[in-house]
Amino acid sequence: FFSFTFCKIVRGRVPPNQPNPMQADEQLQTLLQKFLEANNESRVAAEKHITKILKQKECVEALLKQIAYSSYPGVRQLASILLRKKISLHWRKLAAIEQQATQEVLLSRLLEEPERLVRTAVAHLISVVGKLTIPNGKWDGLLPFLLQCTKSENPNHREIAMILLYALTDTVEEQMRPHLQNLVEVFLGGLADAHLAVRTATLRAVVPAVGFVTEEAELEVYMKLLQPIMDVMRQCIQAQHETEDEQYLDVVLLVTEVFDDLASIDLEGIAKYLPIMLEFMVGVAANTNAHVVIRERATSFLGDVIGERPTAIVKRNLFEPVLQLALTILSEQYEQDLFDNDQFDDDDENNASPLQFASQLLDEMSSSLPNNRVYPLCFGWCKEQILGGKGGPNTIKAAILAISLICKGCRDPMRKDLDVVLEMVDRCLKAPQPPVRETACIAVSQILEYLQPEILDKYDVFLPQVFKTLDDPSPRVRQKCVYALEHVAENLGDEIKPYLPQLMEKLMRLLNEGEMKTQQICISSISAIVEGAGCEAFEPYYQHVLGVMKQIMSSSADEHLVLRARATECVGVIGAMMGKEKFRPYFEVFFQLAMQGLELDFTELTEHVFGFLKNIAEVYGEEWVVHLQATMPHVLEAVEEDDGEVRPRKSVFGNTQIELGDSSEDDDEEDEEDDSDDEPGRMLRVRADDLDKKAAAIHAVGIFAKATKAQFQPYLETSFEKVLDCIAYFHESVRENVVFAMRHLTSVAYCMHPPSEPWQKGLPTVDTLHPEARRAVDQTLSIYLQRAEQEESKEVVKIICDSIAEIAKEMGPVAVHKHMDQIMKLLFALMKQESFCQSLPCDEFEDEDDEQDHDQVLIDAVFETVDELAKVYGPGFAQLWQSLLTVVLTYLHPKKPYSDHVMALGTLAEVANAMGEAIQPFFDQMFPVMLQMLQSPDAGTRSNAAYGLGVMCQSCTLQATPHFGT
């Protein structure tokens with residue numbers, strides 16, 4: 001193929017006695033054509049031959065000829081793509097004159113190429129060559145050339161210049177950054193171009209340039225583009241609607257990244273542009289002509305801004321149009337079932353639903369913005385639609401859905417309006433339209449979950465109508481009604497007993513006669529009823545329910561496997577509630593059915609089998625050891641099962657590098673060019689079912705270890721290794737269970753190697769732990785503390801705190817003492833809201849005295865850990881208490897919620913009780929605050945304050961005596 005001197009070819013000079021170079025090599029051209037054929041055999045053969053050619057530096061010359069002279073557009077495009085992939089490998093092997101000639105040919109082809117797709121491929125090739133040369137000052141003429149093209153009378157030249165500017169801005173960022181002012185001027189011209197293709201290419205080109213904005217002056221320069229960007233985005237949205245051309249969709253989605261980057265930028269100057277950006281995105285989201293994915297991206301932007309800059313949103317009164325937008329979208333006509341996750345595939349953008357993303361937006365607003373701003377407007381609108389007679393079927397459905405969506409974020413004011421809420425629910429449950437009744441059932445489930453304890457006194461008001469709805473003619477209404485009853489069972493607890501006969505009669509009938517989806521929810525509801533009613537109340541139903549579950553678990557038909565999974569879970573719940581002696585007659589049958597389920601290779605069933613095994617293992621305790629041999633291989637296989645994520649085995653912590661596929665098709669280590677843009681869709685994918693199975697398996701390891709203690713020894717080392725390998729797993733649910741399992745595996749080591757003497761309360765003076773137990777404890781605590789420093793999930797950190805407290809409680813202060821400096825540092829950071837998991841995007845508009853909300857569950861765990869450490873250290877906790885006391889007292893500030901007051905006072909009392917007379921040096925800091933809290937209007941606060949004062953009086957009698965008259 002390579003018969004010419006390179007520099008002479010590209011300059012058009014023909015060596016003596018050689019063929020005319022002004023034509024493409026026919027043999028290579030034929031190979032490239034075959035490479036493009038649908039015939040697989042021809043394609044594979046051509047690909048192998050071309051792969052060999054690409055390993056030689058002469059391929060640069062050969063492919064350039066194809067780009068320049070082939071008469072086939074597909075060949076010219078493919079040659080451009082292949083050369084782009086390999087030019088980095090061969091560039092430094094070319095002589096300087098060859099490199100210069102290559103640059104000249106490429107620029108020439110960029111102007112002369114008649115086909116748009118080929119021009120684009122050549123432009124991307126030029127960007128790679130630019131990456132190799134511009135940083136070294138070896139292609140100074142490229143940027144002037146592009147600027148000249150932007151002024152060309154030929155719109156094709158102007159378009160390709162923008163395409164190349166987009167590529168270069170991304171690949172040679174450092175060299176382009178100083179030219180931001182000039183780039184903005186060029187972009188302004190491109191966005192105002194008479195040709196939509198040029199405007200669209202420019203719209204794409206502005207995206208990487210936003211990364212150049214790091215200072216206020218740069219922001220002002222870039223923001224000159226904002227209005228033109230929005231104008232062209234509107235044009236592209238309309239063009240996509242009219243033509244259904246995907247290029248317009250792609251570019252609009254790409255440019256939304258500019259809005260995301262600007263909204264999160266840490267510069268004060270962005271404040272004045274936020275209203276403009278929000279108003280524009282509200283318009284995009286409301287535009288029913290816009291592609292649904294564009295509308296979704298717009299609402300996602302709005303939700304992110306509300307979550308990251310709530311104070312700015314409220315101060316500028318920007319939330320009202322966003323709220324109205326969410327309610328308007330909810331009122332649109334739609335067929336999707338918001339609460340049926342099977343409809344929504346996260347990997348398929350075409351499944352985006354206005355109902356879904358509007359619901360997420362409203363939920364974000366109710367959770368992030370002050371209740372006194374969101375609730376009156378939203379609740380007033382809902383009341384007007386449902387009770388005021390102004391709403392049609394769609395708006396009434398939207399209103400009751402909105403009630404269910406704001407239950408969580410606006411629970412406090414909604415509790416005060418509970419009677420009105422229930423009136424709205426009752427009206428909707430009786431509505432003639434099935435979708436309204438269906439949505440009302442969902443509202444019932446949310447009200448039951450979030451409007452406690454007030455709702456517990458109202459069951460007799462709405463339960464009769466809910467029971468009637470179980471006989472609704474609509475299958476979807478019945479499904480949602482059963483779902484609501486599941487929440488009834490979960491929240492009523494043992495108060496469900498009076499309703500059991502009627503409830504079980506209807507559920508068992510639906511289980512026998514209902515549709516598959518309804519049957520699944522029925523079984524979940526029965527599981528919840530078992531847990532709520534208790535063993536004694538549910539005893540009349542055990543035999544009948546277990547008989548039905550046995551029948552379901554005996555089916556291996558594919559269409560019944562989801563139902564079998566739910567039944568397996570239900571039997572585990574029933575077995576745990578019955579206890580080992582009552583369940584023993586049933587154990588062997590259900591154990592065998594569960595183990596047979598593992599052989600069916602159905603992920604969801606496997607997950608629930610693990611759940612069944614966990615429940616039964618906890619009931620049987622050390623008796624479970626005889627089943628470890630049968631169950632542990634399945635569990636460990638699931639723990640280490642390859643699910644698509646690549647994790648380092650040597651390093652537990654740090655950034656995980658994930659590689660997908662073979663980065664070099666010809667195994668040449670020098671080929672460093674990223675080919676990802678030519679292989680769309682290459683991304684990490686882990687199915688949710690696989691993730692849940694892994695999490696369940698890891699949790700099972702922890703439960704089995706907890707149940708069998710020292711007898712778990714044969715599996716200890718392997719389990720610890722495989723579980724630990726998942727500590728940096730990408731999903732928090734897996735990491736949560738890793739922390740849980742490590743705690744109980746550590747307990748196994750402690751039980752296998754008991755201490756030389758029982759632990760004593762106080763500061764340890766001698767390490768009584770066995771060396772093997774010490775090694776296990778130290779490894780676990782070190783991993784916990786390292787993980788907490790970089791962990792994003794508050795729930796994972798919460799479980800770390802719980803586990804530290806449990807280790808201290810089981811093994812005493814001697815186990816944790818050598819790690820106490822780090823433990824105290826962690827607790828202090830968490831209380832101060834300064835840990836990594838509590839770091840939120842900065843809202844520079846937030847007043848200094850504004851309080852940042854904390855995760856109550858996490859903080860509760862932190863305070864409970866302090867309580868437990870105080871109990872095991874006793875008087876020895878004094879030297880640790882002073883640093884924590886100061887921050888604990890901040891939770892008693894008048895602006896803090898009552899829940900914080902109750903929590904902080906509880907810890908003050910528990911620590912004082914644990915330390916005894918050693919608390920006396922802290923009397924002046926603690927006693928007056930407790931005394932002041934007796935005046936709180938909150939009963940829980942007063943109760944804990946009174947208890948704390950009693951403890952302080954007992955331990956500090958002399959200091960407290962003068963206060964007895966107050």
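Biologist: How far apart are the end C-alpha atoms of residues 462–495, and what is the span made of?
Modeller: The end C-alpha atoms of that stretch lie 15 Å apart, and the span is 76% helix and 0% strand. This is a predicted model.

Biologist: Which feature does UniProt place there?
Modeller: UniProt has "repeat: HEAT" at residues 462–495, from an unreviewed entry.

Biologist: And the whole protein, how many helices and strands?
Modeller: There are 46 helices and zero strands. Of the 966 residues, 54% count as buried. Among contacts between residues at least 6 apart in sequence, 74% join residues at least 24 apart.

Biologist: What is the mean pLDDT?
Modeller: The mean pLDDT of the protein is 87, and 89% of its residues reach 70 or more. Over residues 646–685 the pLDDT is below 50, and that stretch has 57 contacts in the model beyond near neighbours in sequence. Residues 840–854 also have pLDDT below 50, with 34 such contacts.

Biologist: How should I read the coordinates where pLDDT is low?
Modeller: Not in detail.

Biologist: OK, the core. Which residues have the most contacts inside the largest one?
Modeller: Tyr-222, Ile-526, Phe-704, Phe-877 and Trp-881, in a nonpolar core of 333 residues. Helix H29, residues 516–553, gives the most to this core, with 18 residues.

Biologist: What does Tyr-222 touch?
Modeller: Leaving out residues up to four places away in sequence, its contacts include Leu-180, Val-184, Val-206, Val-210, Ile-229, Val-258 and Leu-262.

Biologist: Switching to Lys-693. Buried or exposed?
Modeller: Lys-693 has 8% relative accessibility, so it counts as buried, the cut-off being under 20%. Lys-693 lies in helix H34, residues 688–708.

Biologist: What does Lys-693 touch?
Modeller: Thr-603, Thr-606, Glu-607, Phe-610, Ala-638 and Glu-641, again not counting residues up to four places away in sequence.

Biologist: Anything else in H34?
Modeller: Gly-702 is in H34 too. Gly-702 is buried, with a relative accessible area of 0%. Beyond four places in sequence, Gly-702 touches Phe-740, Ala-741 and His-744. Gly-702 and Phe-720 are 18 residues apart in sequence and 9.9 Å apart in space, C-alpha to C-alpha.

Biologist: Back to the threonines. Which residues make up H32, and what span should they have?
Modeller: H32 is residues 603–620. At 1.5 Å a residue, its 18 residues should span 26 Å, and the end C-alpha atoms are 26 Å apart, which agrees.

Biologist: How many residues of H32 are buried?
Modeller: 15 of the 18, so H32 is largely enclosed by the rest of the structure.

Biologist: What follows H32?
Modeller: Gly-621, whose phi is positive, near 55 degrees.

Biologist: And the loop between H31 and H32, which residue there should I look at?
Modeller: Asp-601 is in that loop, with H31 being residues 580–598. Phi of Asp-601 is near 55 degrees, a positive value in a residue other than glycine. Asp-601 is exposed, with a relative accessible area of 71%.

Biologist: What sign of phi do most residues other than glycine have?
Modeller: Negative. Gln-833 is another residue with a positive phi, near 60 degrees. Gln-833 sits in the loop between helix H40 (820–831) and helix H41 (856–873). At 17% relative accessibility, Gln-833 counts as buried.

Biologist: Which peptide bond is cis?
Modeller: The bond from Gln-452 to Pro-453 is cis, with omega near 5 degrees. Most peptide bonds are trans. Pro-453 is in the loop between helix H25 (434–450) and helix H26 (459–469).

Biologist: Last topic, cysteines. How many disulfides?
Modeller: The count comes to zero. Cys-441 is in no disulfide, and the nearest cysteine sulfur, that of Cys-481, is 4.5 Å away.

Biologist: Why is Cys-441 left unpaired?
Modeller: A disulfide needs sulfur atoms within 2.5 Å, and the sulfur of Cys-481 is 4.5 Å away, so the two are not counted as a pair.

Biologist: Is Cys-441 buried or exposed?
Modeller: Cys-441 is buried, with a relative accessible area of 3%. Cys-726 is buried as well, with a relative accessible area of 0%.

Notes. Residues are numbered from 1 along each chain as its sequence is written. This is a predicted model: local features need pLDDT of at least 70, side-chain atom pairs count only at pLDDT 80 or more; totals for chains, interfaces and linings use all residues. Side-chain values use heavy atoms; hydrogens and water are left out. Helices (H or I, at least four residues) and strands (E, at least two) are DSSP runs, numbered from the N terminus. Buried means under 20% relative accessible area, exposed over 50%, partly exposed in between (1.4 Å probe, protein chains only). Contact means heavy atoms within 4.5 Å. A nonpolar core is a set of buried Ala, Val, Leu, Ile, Met, Phe, Trp, Tyr and Cys residues joined through side-chain atoms within 4.5 Å. The expected span of a helix is 1.5 Å times one less than its number of residues. UniProt positions are given in the numbering used here, feature names are shortened, and annotations may be inferred rather than shown by experiment. pLDDT is the predictor's confidence in each residue, from 0 to 100.
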